[in-house]
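Subject: Handing over the two-chain model

Dear colleague,

I am passing on the structure we spoke of, and below it you will find what came out of going through it. Please read the notes with the coordinates open beside them.

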Amino acid sequence: MEEALIVLEHVDAGYPGTVILEDVSLEIKRGEVFILLGGSGCGKSTIMKHMIGLNPVLAGKLTLAGLEWTAKNRAALCRKIGVMYQSGALFGSMTCLQNVMLPMEEFTRLSRKERREKALRLLDDVELADAADKMPNEISGGMRKRVAIARAMALDPEVVFLDEPSAGLDPITSSALDDLILKLRREKGMTFVVVTHELSSIFKIGDRAAMFDKARRGLIALGTPQALRDTCEDGFVRKFFNRGEIHG
Amino acid sequence: MGFFASIGLAAHERLKALWESFAFLGETVVSAFVVFVRPGQFRFRDAALAFQRATFDGLPIAAGIGFLLGVILAFQSAAALKMFGVEVYVADLLTIGLFRELGPLVTAIILAGRSGSAFAAEIGTMKVNEEVDALTTMGLAPVRFLVLPRIAAVVLAMPILTILSELAGLVGGAIVLQLMNVPTVVFWSHVSSTSTFFMIAFGLVKAAIFGLLVGLIGCSAGMRTKSTADGVGVAATSAVVGGIVAIAITDGILAVLCYAWSL
C-alpha cells in the first residue's frame with residue numbers, strides 16, 4: 001500500500017473565529033496528483049493554507065511526512081514543500097533566475113555557480129530557460145506560473161502545492177501547464193496537491209480528488225475524478241460535474 | 001448596526017491593530033537580535049538598494065526643502081532683527097533652529113512621505129500578490145527578508161539626509177543675508193561659533209530615531225495591508241500619517257527631556 005504523505009484527522013479549517021470546513025479527514029498518498037475540488041468560497045484554498053503551514057488548523061490533526069506544523073518542525077517542513085500561488089507570487093525585483101535561486105541561496109550550501117546551474121536546469125524543465133534573465137513583469141501570466149513551479153521545486157520538495165494553476169490562463173496555456181505537471185510527476189515522482197475547479201484539468205491530471213461543499217461545511221466526496229463523476233450519488237457532486245463550477 | 005455596536009466594533013478594530021503593531025514590533029526586535037548575532041542572515045543587498053532609494057533619490061527634495069526653509073527663516077527673522085540692527089544674528093538663529101530642531105524634523109517628514117509610503121506600498125503589494133506568503137512557505141521570515149533591510153536603510157539614510165538638508169538651509173540663509181549686506185564670511189563665522197558638537201550630534205541621533213520610526217511604521221503598515229481594492233492605498237496613507245504623528249510626538253518628548261535635563 002502507498003505511503004500517506006499528508007494526513008488530516010478530523011480537521012476544522014478556517015480562521016480564528018470563522019470555521020469554514022468541519023471534521024475533514026483524508027490522506028494524500030506519496031506520488032499522486034491530488035485535487036482539492038469545490039465551488040468558489042467552499043474552503044479548498046483555506047485547507048491548502050493549513051497544509052502549507054500558513055494558518056494553523058482550528059481543531060484536529062494535520063501531519064505532513066509525519067510532522068505537525070509546529071514552530072519546532074517549521075524549518076524541516078518548509079523544505080519538504082513547494083508552493084505555486086495563484087498569481088505566481090514571483091518577486092518583482094528579481095529576475096526569473098534569481099527567483100528560482102532564492103530558496104537555494106538561503107537553504108543550501110551550493111556555490112553560486114552550482115545554484116545558477118540548478119536554477120537554469122529547473123527553468124529548462126519548465127521550458128523557460130530563455131526567460132532566465134527576464135523580470136517577472138516582462139513575461140506572460142502562464143510563464144510566471146511556470147517560473148513559480150520551477151521555484152517551488154528548487155529544494156527538491158516532497159510535495160508541490162498548486163493554487164488554481166489554470167486561473168486567468170487561456171485553454172491552450174492551461175492545457176500546457178497540465179502537461180507540465182504530468183511530465184514533472186512522471187520524471188521526478190513528486191506529489192502534487194492542486195486546488196482547481198477546471199473540469200478539463202481535473203480529469204487530465206488528477207489521480208484522486210476531494211470535493212468540499214460550502215453549505216455543508218465539509219468534505220462530501222473522495223475518490224478518483226471518474227468515480228466522482230460516474231458513480232457518486234451526491235446531488236452537489238453530480239451538479240458540479242454536469243454543469244461545471246458552482247458559485248457559492 | 002446599533003450605535004453602541006458600531007463603537008464597540010471600531011474599538012475592537014483599533015485594539016486589534018494596536019496588538020498587531022506590538023506583535024510586529026516584537027518580531028522585528030527578535031529578528032534584529034538574531035541578525036545581530038548572525039550577520040550572515042542580513043540581506044545587505046536589499047538594504048543597499050533601499051538605502052540608495054532613500055538617500056540618493058531623496059536628496060534633491062531634502063536639500064531643496066532645506067534650502068527653502070533656510071531662505072524663509074532668514075527672511076522672516078531678519079525682518080524682526082533688523083529693527084534692532086542685529087540681523088547678523090539670523091545666522092545664530094538658523095544654526096540652532098536647523099541643527100537642533102527643524103533639520104531632523106522636516107527631513108523626517110519628507111522621509112515619511114517618500115520612504116515610509118514607499119515601504120508600505122511595496123510590502124503591501126507583495127502581501128496582496130501573495131509574495132509574503134511565498135516567503136513564509138519557503139521558510140524565509142518576511143520580517144528578516146523585507147523589514148530589517150528597509151529599517152536599517154532609513155536609520156542610516158536619515159542622518160545623512162538631515163545634515164545635507166541643514167547645510168542647504170544654511171546656504172539659503174547665507175544668500176539672504178548676503179542680499180542684506182551681511183558678508184558671507186561673517187555669516188559662516190557666526191555659524192561656526194554657535195554650533196557645538198553636542199548640538200549637531202543630538203540632531204543626528206534624533207534623525208536616526210525618526211528614521212527608525214519611519215521604517216517601523218511604514219513596514220508595519222505594509223505588513224497589515226488588506227487584500228481589498230484600496231488596501232495598498234490605505235496602507236501607504238496610514239504609513240505617512242502614522243509616521244508624521246509618531247515623529248511629532250517623539251520630537252515633543254525629546255524637547256521636554258532636553259529641557260528637563262538642561263541639554
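To begin with chain B, residues 24 or more positions apart account for 87% of its contacts with a separation of 6 or more. Please keep in mind throughout that this is a predicted model.

Chain B contains nine helices and zero strands, so that, followed along the sequence, its pattern reads α-α-α-α-α-α-α-α-α. Its C-alpha atoms occupy a box of roughly 65 × 55 × 35 Å along the principal axes, and 44% of its 263 residues count as buried.

Chain A is built from nine helices and 10 strands. Its C-alpha atoms fill a box of roughly 55 × 45 × 40 Å, again taken along the principal axes, and of its 248 residues 45% count as buried. Among the contacts of chain A between residues at least 6 apart in sequence, 65% join residues at least 24 apart. The radius of gyration of chain A is 18 Å, which agrees with the value near 18 Å that a compact globule of 248 residues would have.

As for how the chains meet, 17 residues of chain A are in contact with 10 residues of chain B. On the side of chain A that touches chain B, helix H2 (74–78), S6 and H3 each supply at least two residues, and the residues of that side divide into 11 nonpolar, three polar and three charged.

Turning to the interior, the largest nonpolar core has 143 residues, of which Val100(A), Leu123(A), Val147(A), Phe161(A) and Val193(A) touch the most other members. The element that gives the most to this core is helix H6 (residues 142–179) of chain B, with 19 residues. As background, nonpolar side chains tend to be buried together in soluble globular proteins. If residues up to four places away in sequence are not counted, Val100(A) touches Ala119(A), Leu122(A), Leu123(A), Val147(A), Ala150(A), Arg151(A) and Ala154(A).

Several of those partners lead to helix H5 (residues 141–152) of chain A, among them Val147(A), Ala150(A) and Arg151(A). This helix has 12 residues and reaches 16 Å from its first C-alpha to its last, which is close to the 16 Å expected at 1.5 Å a residue. H5(A) is mostly covered, with 10 of its 12 residues buried, and the buried residues include the charged side chains Arg144(A), Lys145(A), Arg146(A) and Arg151(A) as well as Met143(A), Val147(A) and Ile149(A). What do the buried residues of H5(A) pack against? They pack against strand S6 (81–84), H3, helix H4 (112–125), strand S7 (159–163) and helix H6 (171–188), which belong to chain A.

One residue of H3 deserves a separate look. Met101(A) lies in helix H3 (residues 96–107) of chain A, and Met101(A) counts as buried because 24 other C-beta atoms lie within 10 Å, where the cut-off is 20 or more. Apart from neighbours within four places in sequence, Met101(A) is in contact with Arg115(A), Arg116(A) and Ala119(A); Ala119(A) is also touched by Val100(A). Met101(A) and Glu138(A), by contrast, are 37 residues apart in sequence and 18 Å apart in space, C-alpha to C-alpha.

With best wishes

Terms used: Residues are numbered from 1 along each chain as its sequence is written. Chains are lettered from A and ligands numbered from 1 in the order in which they are written. This is a predicted model: local features need pLDDT of at least 70, side-chain atom pairs count only at pLDDT 80 or more; totals for chains, interfaces and linings use all residues. Helices (H or I, at least four residues) and strands (E, at least two) are DSSP runs, numbered from the N terminus. Two residues are in contact if their C-beta atoms, placed from the backbone, lie within 7 Å. A nonpolar core is a set of buried Ala, Val, Leu, Ile, Met, Phe, Trp, Tyr and Cys residues joined through C-beta atoms within 7 Å. The expected span of a helix is 1.5 Å times one less than its number of residues. The radius of gyration is taken over C-alpha atoms; the globule rule is 2.2 Å times the number of residues to the power 0.38.
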